[in-house]
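Biologist: Pick one part of this model and take me through it closely. Please spell out your cut-offs as you go.

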Amino acid sequence: METKTFGAEAKQLLDLMIHSVYSNKEIFLRELVSNASDALDKRRFLALTEPALLDKDTPLEITLKPDAAARTLTLSDNGVGMSQQEVVDNIGTIAKSGTREMLQQHKKDGKGDAPELIGQFGVGFYSAFMVADRVELVTRRAGQTTATRWVSTGDGTYGIEPAEKAEVGTTITLHLKPVDTEDGVQDYTNTAVLEDVVRKHSDFVTHPIVIGEGAEKRTLNSMKPIWARRESEVTEREYAEFYRHITHDWGSPLKTIAFKAEGTFEYQALLFVPEHAPFDLYYRDGKRGLQLYVKKVLIMEQCEALLPSYLRFVRGVVDSQDLPLNVSRELLQENRQLAAIRKRLAKKVVDSLVQLAESDAPTYEKFYAEMGPLLKEGIAADGDNKEKLLTLLRFGSSAEPGKTTSLKDYVGRMKEGQEAIYYVSGESRQVVEQSPHLEAYKDQGFEVLFFTEAVDELLVSHVDAFEGKALRSVSKGACDLKTPERDAKTKEEMSHLCEHLQRALDKHVKEVRVSDRLRTSPVCLVGGEEDMSPHMERLLRQAQKGVPAQKRILEVNPEHEQIRALDRRLKEKRDDAVLKQYAELLYGQALLAEGSPLPEPAVFARLVGELVIRAEHA
Ligand code: ADP
Ligand code: MG
């Protein structure tokens with residue numbers, strides 16, 4: 001027998017399992033049954049195109065065989081099985097995306113035993129080591145004649161060798177640890193215990209889980225699809241178990257949505273909103289889609305056509321009474337019935353999120369923190385639900401430091417006469433909170449929303465208004481606040497200075513004007529009505545080279561001492577070189593204050609130094 005070591009991550013997970021103080025150890029059976037059930041589905045799928053892989057008369061099933069004398073429990077399935085290489089890849093290593101990140105996070109947080117965390121990644125198979133000190137697996141892949149034996153005590157290595165096996169499928173023998181009820185280890189050679197655990201965790205598995213032989217043979221699970229049962233008769237715990245079965249998550253769903261469509265086109269849907277964003281949410285080849293059943297038979301594991309892409313965090317099942325059993329992926333994309341289901345499901349999910357946001361704000365906040373960006377994606381993609389999705393968004397706001405607000409609440413707080421919803425965009429809350437663009441708005445008690453995520457600005461191009469109020473950037477166009485003290489006279493007086501600055505800064509800005517929005521800062525940069533924000537421009541540049549730099553407008557604060565001093569200097573016609581330096585200084589200040597990088601930081605630093613020295617000598 002050849003001895004191999006587990007992959008680094010697999011070993012870490014194994015250690016977590018073996019030293020787990022998690023008391024609910026019986027779930028090992030759920031995990032092994034779930035793997036067996038998956039393997040049976042896979043064999044059935046394969047046989048659709050390669051009928052030789054499954055004899056019509058062979059019943060697909062999962063068998064439990066306890067042996068009290070030997071203290072073993074054997075679990076067999078006649079599913080697809082594994083080749084030797086698959087055993088090494090699937091059991092000896094963990095290839096799942098996200099596992100490494102999860103383990104690193106786990107370490108960083110200094111958590112000892114965190115079952116929810118462990119479970120999120122489907123460490124399923126290793127949970128056997130919570131109850132067994134030695135695990136033996138013999139498996140034969142459908143279509144192959146030889147089998148593979150795999151043995152491990154979970155100590156970091158495993159043995160592997162070719163073996164004989166009469167039937168295709170997998171047999172796992174657990175050499176059980178001593179019973180220790182305090183530690184949550186029950187007697188898993190006791191039929192009553194097994195029956196209880198199966199009922200509790202795996203009742204809905206669609207393949208029979210059998211025990212006993214000949215006349216004694218019994219099926220432990222009802223196999224009744226949970227979605228076909230009346231909602232009022234299914235407990236929350238049962239829904240949660242089913243959720244874990246299909247997601248390989250160990251936690252509970254944040255929200256369960258069950259419904260039945262009746263009439264000419266019948267189907268049942270059972271959807272779950274998970275508590276945490278799946279790790280592969282933003283990976284191109286991440287797992288997405290719902291399970292599609294036709295008349296209680298699973299026909300597709302990940303059917304993407306059932307939900308719009310932005311709802312890809314939703315997990316669940318759709319069982320249709322009317323689709324053909326041999327429906328292909330291509331056909332599904334064009335199927336009109338499916339398009340109708342998708343529309344209906346999207347509405348259901350959005351409605352239930354709206355309801356959650358209204359009835360349980362803290363839970364909704366948790367959801368939003370994880371999945372918020374996807375809802376914004378939805379606003380661009382799902383015209384039907386756009387209005388509702390808008391009510392689901394949350395933004396930081398100048399009204400309440402550290403908190404977020406909905407657009408609805410914002411509108412509720414709008415001052416009399418306020419016509420638009422104001423927002424400022426930038427890199428982070430910290431940056432925009434201090435932005436000079438906000439000064440007049442804050443001063444006059446207007447609330448400004450913080451758009452600090454990449455998608456926020458794209459949002460604006462898809463949203464004309466919310467409850468009749470347009471979205472308006474505080475750093476674009478003319479400021480719509482009246483500032484009586486800055487009347488035409490001031491502007492007239494300052495026109496000479498503006499012209500001068502314009503000439504000096506010609507290569508940076510397209511216009512210099514007196515500001516209506518500044519109160520305490522000397523200058524700021526604003527965009528034209530239709531311009532991109534500098535934040536957006538930077539993002540675009542990162543994504544694509546050759547985006548031309550936009551020139552913006554420099555606004556000056558006529559009451560600020562720095563501006564007045566410059567104006568005096570100009571009127572006294574003092575040295576031009578210094579005036580030029582002052583202009584550059586102002587431009588740099590405007591960039592820094594809004595969180596934009598300086599084009600030539602070293603030049604700016606030198607300039608500041610020179611000005612300090614000059615002030616000392618004056
Ligand atoms: P997951 O089920 O989340 O993929 P597991 O640790 O439970 O993670 O299983 C790892 C992999 O091992 C499975 O994805 C599957 O490829 C393989 N596997 C486990 N049990 C079986 C089985 N009974 N038959 C065939 N393959 C199996
Ligand atoms: Mg599993």
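Modeller: Let's go to where domain 2 meets domain 3, whose C-alpha centres lie 32 Å apart. Bear in mind that this is a predicted model, where local features need pLDDT of at least 70, side-chain atom pairs count only at pLDDT 80 or more, and totals for chains, interfaces and linings use all residues, while side-chain values use heavy atoms, without hydrogens or water. Residues are numbered from 1 along each chain as its sequence is written, with chains lettered from A and ligands numbered from 1 in the order in which they are written.

The domain bounds come from an automatic or database domain assignment. That assignment splits the chain into domain 1 (2-223), domain 2 (228-368), domain 3 (386-473) and domain 4 (488-530 + 541-616). At our junction, ten residues of domain 2 contact seven of domain 3, where contact means heavy atoms within 4.5 Å. About 750 Å² is buried between domain 2 and domain 3, with carbon and sulfur atoms giving 61% of that area. Buried area here is the accessible area (1.4 Å probe) that two parts lose on being put together, summed over both.

Now for the packing. A nonpolar core is a set of buried Ala, Val, Leu, Ile, Met, Phe, Trp, Tyr and Cys residues joined through side-chain atoms within 4.5 Å. "Buried" is under 20% relative accessible area, "exposed" is over 50% and "partly exposed" is in between (1.4 Å probe, protein chains only). The largest such core has 75 residues, and Phe313 and Leu345 touch the most other members. Its biggest contributor is helix H9 (residues 336-359), with ten residues; helices (H or I, at least four residues) and strands (E, at least two) are DSSP runs, numbered from the N terminus. Because domain 2 and domain 3 both supply residues, this core lies between them.

Zoom in on Phe313: leaving out residues up to four places away in sequence, it touches Phe272, Val273, Pro274, Pro278, Leu281, Leu353, Phe367, Met371 and Leu374. There's also a second, separate core of 63 residues, and Val33, Val131, Leu176 and Val234 are among its members.

Both domains that meet here also have a backbone oddity in a loop. Lys296 is not a glycine, yet has a positive phi of about 70°; this residue sits in the loop between strand E12 (290-294) and strand E13 (297-303). Lys296 counts as partly exposed because its relative accessible area is 42%. Glu467, again not a glycine, has a positive phi of about 45°, and belongs to the loop between strand E19 (465-466) and strand E20 (469-473). With a relative accessible area of 43%, Glu467 is partly exposed too.

For contrast, look at Ser127, in the loop between helix H5 (115-119) and strand E4 (132-140). Ser127 has a relative accessible area of 0%, so it is buried. Beyond residues up to four places away in sequence, Ser127 touches Met17, Ile27, Phe28, Glu31 and Trp250.

Another one to click on is Arg569, in helix H18. Arg569 is buried because its relative accessible area is 11%. Setting aside neighbours within four places in sequence, Arg569 contacts Arg574, Asp575, Val578, Leu579 and Tyr582. Ala577, in helix H19, is exposed, with a relative accessible area of 58%.
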